[in-house]
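Please open the structure in your viewer and keep the selection panel at hand. This tour moves from the whole chain to a few chosen places, one selection at a time.

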Amino acid sequence: DISLPSVKIPVGAPNILEKIVEEIEELLMSMGYDVVDGPEIEEDKFNFEMLNIPKGHPARDMQDTYYLDNGMVLRTQTSDNQIHAMENYGAPLRICAPGRTFRNEDLDANHENTFFQIEGMVIDEDVSIENLMYIMQELLKSIFKTDDLKVRLRPGFFPFTEPSYEMDMSCLICSGKGCPTCKNAGWIEPVSYTHLTLPT
């Protein structure tokens with residue numbers, strides 16, 4: 001009976017991952033970055049070859065790639081967008097590339113075969129690692145809603161980038177005083193840090 005009052009349908013909330021991605025995109029756009037997107041089903045040459053990961057490279061084993069019958073792959077990182085952006089726009093270039101990526105993982109409480117990644121790339125003159133540290137620190141301050149945050153870079157090994165760095169951020173729970181989280185992570189120092197992976 002269309003004359004009866006309708007049932008009110010509750011409105012959902014935004015997905016938390018999408019909300020965080022939007023926050024990061026807005027911050028990076030305010031710093032002059034363009035947001036780029038690319039295919040999730042990708043050619044091997046964009047996912048590996050043009051990113052300095054040729055056939056037989058050990059980094060391919062680390063990626064646990066889904067290979068499709070037609071020779072394509074489910075992208076293992078959003079780095080393919082770097083190649084597409086360089087081909088389409090040239091330099092100078094300042095981009096961020098959010099998106100889903102896929103790895104053939106054994107599923108458990110800490111691992112899933114689909115995860116979200118945001119990566120950035122800058123090609124310009126007078127750009128240094130100091131710029132990277134500033135961008136990352138501002139990004140983390142924005143995400144965690146704090147001004148009391150320190151970052152540090154340390155050398156890291158990634159077989160597909162050289163040089164490679166890893167970034168740590170100061171503990172937001174105790175500010176480095178040595179809470180159980182810091183002790184469990186092994187980051188007790190004058191300032192305690194939490195680990196973030198940051199291949200360059």
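## The whole chain

Begin with the charged residues of this predicted model: the protein has 16 positive and 34 negative charges, and the mean positions of these two groups are 7 Å apart. Now show the C-alpha trace alone and turn it slowly; along its principal axes the trace spans about 70 × 50 × 40 Å. If you switch to a surface view, you are looking at an accessible surface of about 12800 Å², of which 54% belongs to carbon and sulfur atoms. Of the 200 residues in the protein, buried ones make up 36%.

Next, choose a cartoon view, in which the secondary structure comes to six helices and eight strands. Followed from the N terminus on, the elements run α-β-β-α-α-β-α-β-β-α-β-β-α-β.

## The open sheet

Select strands E1, E4 and E5, which form an open sheet in the order E1-E4-E5, with mixed pairing. Strand E1 (34-35) and strand E5 (114-123) stand at the edges of this sheet, and because each has a single partner strand, one side of each is left without a neighbour in the sheet.

Then keep E1 and strand E4 (residues 93-102) on the screen, and you will see two strands that pair in the parallel sense over two bridges. To find one bridge for yourself, select aspartate 34 and look for its bridge partner in E4, which is isoleucine 95.

## The helix across the sheet

Add helix H4 (residues 80-89), which lies across E4 and E5 and runs at about 145° to E4. Which residues of H4 are buried? They are Asp80, Asn81, Gln82, Ile83, His84 and Ala85. To see what surrounds them, show strand E2 (41-42) and helix H2 (44-47) together with E4 and E5, since the buried residues of H4 pack against these elements.

## The two ends of the helix

Step back to serine 79, whose place is in the loop between strand E3 (73-74) and H4. Is serine 79 buried or exposed? Its relative accessible area is 13%, and because a residue counts as buried under 20%, serine 79 is buried. Apart from its neighbours within four places in sequence, serine 79 is in contact with Leu51 and Glu119, so select these two residues as well.

Finally, move to the other end and select glycine 90, which follows H4 and has a positive phi, near 70°.

Terms used:
Residues numbered from 1 in each chain as written. Predicted model: local features only at pLDDT ≥ 70, side-chain atom pairs only at ≥ 80, totals over all residues. Heavy atoms only, no water. Pairing = 2+ DSSP bridges. Helix = DSSP H or I, 4+ residues; strand = E, 2+ residues; numbered from the N terminus. Contact = heavy atoms within 4.5 Å. Axes fitted to C-alpha atoms, helices over the stretch in contact; angles between N-to-C directions. Buried < 20%, exposed > 50% of the residue type's maximum accessible area, 1.4 Å probe, protein only. Areas by Shrake-Rupley, 256 points an atom, 1.4 Å probe, with all protein chains shown as cover. Lys, Arg positive; Asp, Glu negative; His and termini not counted. Charge placed at Lys NZ, Arg CZ, Asp CG, Glu CD.
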